[in-house]
Amino acid sequence: MEIVDARQAFLKRNKNCLQIYLRQLPQAQSSAIQLLPLIFHVNSRLLPGYNGPDAPYGVYGYEPEKTTIGLARKLNSRFHVEHAGILGNAPIEALFVKYSFLKNKMSLWLVHAADMKEQHQKILEDKLYRVNAWLRSRDLEAQANLVSAAGLTQHGLRKEANEYFASAALFLDSFYTESFLLAGKYPVWWLVPPELEEHYADFVDKIKVARFVPDQEYIDLGGLAASTPHELMKQAMDCVHDVQKFPEVSWPKLLLLNTIQKSWPKIDGTAIRMKHHVYLDDTSKEVTADNMMREVLFESIEDMGQADHLMPPDRLLAALKQYSSKGGLLASLVPQPKEHYIHLKPQAFDAMRYIQTSRALMREIGLAFNKIIDRYQSHAKDEASQQQLSLAQNMLQFLSEPKQRVPVITTRPNAELLQGRVIFRHVIAPIEHWKLLVGAVDEQEKILYESSSLLALIAWAWLNYVVDKSTQVAVDCPLRAVKQIDARHALEVLVSHLDRTKIIETSREVFNKPREVQYAMVFIHLVMDEVLRAQIEALEEKSAKENTDLPLQLESLIGHCEQLVMSNWGDVEVKRYAGESGVLQCLCDWLMYGATLPKPKALPLQAHGYAAGASTYLAQRTGQIYAEMIDFFLKKKTGQSRFIVRLGEHYYCLQRDEHGLQVNLLGNEAALLLFLETTTPEFVETGIERMSMLGMPLREIYQRNKPGMVQLFYRVANRTCDTWILDERGSLCHFRQDWYDRDSYLTRWLYFLRNVRNRMKNISYQNRELTALELTQISNNRLGVIEFNRIGAESVNAQRNFMEIQLQVEGAKNGDRLTLICDGRYFDYQTYTSSVMTEALQYINARMIGEGRKPVYVTDIDVPLRLFNVSQREDIQTLHFLKYCRNFENRMNQLLGMEYK
């Protein structure tokens, strides 16, 4: 085709397509668009947009038709054309109207002369703004753009009206496809043969030199030089970023990109195909933008192959057309009924069908994006491309639908999607799960969604606009584990605390980072049967009457907890943890997740209960435990550490190691004390949650624990003295003995611990530093507040007002040999053989008869390491001596008939 013929073919095609477009509009809107060239061609106060006599006017080559003048006179009968004709130096070079078939949006592009002064540009821009306001009065929403020919492409690359183009070629493909020339100069691109597109610049130069057409009658906007794989990938990622706002737009845009990418480095797309049809001059077919896009769209769908579709693509397109009037979907791209198109008759809005369609659409978006990523991988060679590939894979993961995640398939409010009544049904067989059902009493129930988690189901219903505060909630649970008030309460919590807008208002930059959860809610669920429910209701009633707290025994009724988390990507997932230990493990996982972030921090956590009463109390208790865990594990810089928590009648240890936080069940209080008495290879900092030890001051004691120091705490109550000793590695040993007097009691410990320090130095290292010693008395003041009073060694009387025993064991082939030294008198094995203990006890009894009853204390222990169950000398610690001393004194006092606990 000759160049002149190509010009005529384009102008003919442009006129036909414009007429088809105008015929689809109401008369008022069609007339308004036809008047636009005349409004800018003359500067008449009788036409819309007039802003003074200085406004530039005149559109190149424009001559108004009689019908257009007639439309102007309908606006104002006094209007007449003062000047009509071709202006060779017209300040307005071209006027385009662009209609996006995907988003159902119109935009105006007014191209001014390159030499127009800035002050005239501002006046013309003001007129364009006024004209656009007039169009809005005709129900025409349009984005107005005033640009030069050289700046049109650059202006179109900006992100405006939720549209973005990664390259000039992608923008021009859209512009050439969807724009109509209303008046003025035509793009020279239409004169370049399709097969010479790769040599666009050279061919345009040839047109200028040979002057096949006058160079003043066209504008050069640029050619469709193939975009790079990097730009195509970038464009696809922008489509995915908008997927939750505009899923019905993202899908066809990805399909169109798939066609362009598939043919790369050859040039393909809707615009180049339209040019092919123009050059063929085929009048048997309407070469319109929607027809061309439809052709490319179906080719791309076929390219997907036999993928994992939730709904056949042709049926999906038909369903989208059915709901186009409801949600502004893809009606313009769905063809009229044909052999590969299943036509659905218009029906009343069906929420279940709408949701199925939305889920199927999200699946198709993921399939198309995955196809684009697969092709891009072969081009991702440099570091920048690898980073972009990683970002794309993050976005693909965001589109996936793992079991724990709550999929958001529609983010636009839809009054018809909202349900007045829903049912949450618990199904046990064949697999335990929950169903969300809708339907009136006299209608068949329909399943909207299913999940293994009730919380996930409620969150899904809220995020997808199925329910709100006005929705009636019913629960069908054969096990009666969940009541209607439970589900209702959980829904109201989500409505109040889970902001749906944060799900869709995420920037594309967040996908540059791995998925990071940032916010969480925990819901505590109790194990319930009718007996337990009656007991709890009675406890709640009693607690309300007496204005007291609920008993801690309720904590043992925890069945499970469900954690709902929201990430920086704007998605939501639900995790389930079973039982008391599950609740603690949930807290540990969440705490350590925040601690392992690049900038460690305590992530917020809200705890709630299903319904009110006992579960609400447990939710408050959970929040209190989490707050104390933050103070202990995050605000203290420690290595090895452990935290003691009580839930119900059980104690748990939250142990920090190189793998994170682990939950270990200890058992009752006796089991806890045994655990604290275990030896450790290094110092372990221990914390105790404030509600765990109500009878012992262990929490306050451990708050004063220091490495490399032996700390003795004692408390006297009546005639009993409790002593807690923390050794240099944080291990605890507890003594409960009869109280005699302060001096003898403290003096005994000074002698004993001094001898232990010397023994340990000789056993392990000769140059080992001796551990420091600290004595503290615990008492309650008149207000009942615990006080800790340090005692200096100088204030302790060094006199031995007790019977002192020094214990020695010597290993031999035929058995260990025991020697006891009682206040300087030796009872050695060589003299007394196996009767050492008996002789020593008789001596002590005789002393007590003559001198009066006195306490009997061990002040020195010298035994082989194997009796301490220690294999390496470096493993010895003060705790070994303390436990051996306690056991020996316990046995000795039992034989003496003295009370010892």
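These legends accompany several close-up views of a predicted model.

**Figure 1. An overview of the whole protein.**
Before zooming in, here is the setting for the views that follow. The predicted chain has 901 residues, and 56% of them count as buried. Its secondary structure comprises 27 helices and 28 strands. Among contacts with a sequence separation of 6 or more, 66% join residues 24 or more positions apart. The accessible surface adds up to about 41,500 Å², with carbon and sulfur atoms supplying 48% of that area.

**Figure 2. Thr680 and its surroundings.**
This view centres on a loop residue: Thr680 lies between α22 (669–676) and β19 (685–688). Is Thr680 buried or exposed? Its relative accessibility is 9%, so Thr680 counts as buried, the cut-off being under 20%. Look for the polar atom of the Thr680 side chain that lies 2.9 Å from the backbone oxygen of Glu682. Beyond the neighbours within four places in sequence, Thr680 is in contact with Arg642, Arg729, Ser731 and Gln877.

**Figure 3. Ala236 in helix α8.**
The helix in this view spans residues 229–241 and contains Ala236. With 0% relative accessibility, Ala236 counts as buried. Apart from neighbours within four places in sequence, the residues in contact with Ala236 are Leu254, Leu257, Phe369 and Ile372. A handy distance to check in your viewer is the one to Ala166: the two C-alpha atoms are 9.1 Å apart, while the residues are separated by 70 positions along the chain.

**Figure 4. Aromatic pairs, stacked and tilted.**
The aromatic pairs in the model number 34. One of them joins Trp590 and Tyr593, whose ring centres are 6.3 Å apart with 10° between the planes, a stacked arrangement. Both residues belong to helix α20 (residues 579–595), where they sit three residues apart, about one turn of the helix. Trp590 counts as buried at 4% relative accessibility, whereas Tyr593 is partly exposed at 23%. How are the planes of Phe827 and Tyr832 arranged? They meet at 40°, with the ring centres 5.5 Å apart, so this pair is tilted. Phe827 itself counts as buried, with a relative accessibility of 1%.

**Figure 5. An aromatic cluster.**
Here the view turns to a group of rings. One aromatic cluster is formed by Phe10, Phe96, Trp109, Phe165, Phe171, Phe175, Tyr176, Tyr186, Trp189, Trp190 and Tyr218.

**Figure 6. Arginines over aromatic rings.**
Two examples are worth opening side by side. In one, the charged end of Arg500 sits over the Trp462 ring, 3.6 Å from the ring centre. In the other, Arg704 lies over the face of Phe788, and the distance to the ring centre is 3.8 Å.

**Figure 7. An open sheet of five strands.**
Follow the strands across the sheet in the order β7-β14-β13-β12-β15; the pairing is mixed. At the edges are β7 (405–406) and β15 (605–609), each of which pairs on one side only. How many bridges join β12 to β13? Nine bridges do, linking residues 517–526 of β12 to residues 558–567 of β13, and these two strands run antiparallel. To find the register, start at Val522, whose bridge partner in β13 is Gln563.

Conventions. Residues numbered from 1 in each chain as written. Predicted model: local features only at pLDDT ≥ 70, side-chain atom pairs only at ≥ 80, totals over all residues. Heavy atoms only, no water. Helix = DSSP H or I, 4+ residues; strand = E, 2+ residues; numbered from the N terminus. Buried < 20%, exposed > 50% of the residue type's maximum accessible area, 1.4 Å probe, protein only. Contact = heavy atoms within 4.5 Å. Areas by Shrake-Rupley, 256 points an atom, 1.4 Å probe, with all protein chains shown as cover. Polar contact = N/O pair within 3.5 Å; in protein donor to acceptor, adjacent residues only side chain to side chain. Phe/Tyr/Trp six-rings, centres within 6.5 Å; stacked < 30°, edge-to-face > 60°. Lys NZ or Arg CZ within 6 Å of the ring centre and 35° of its normal. Pairing = 2+ DSSP bridges.
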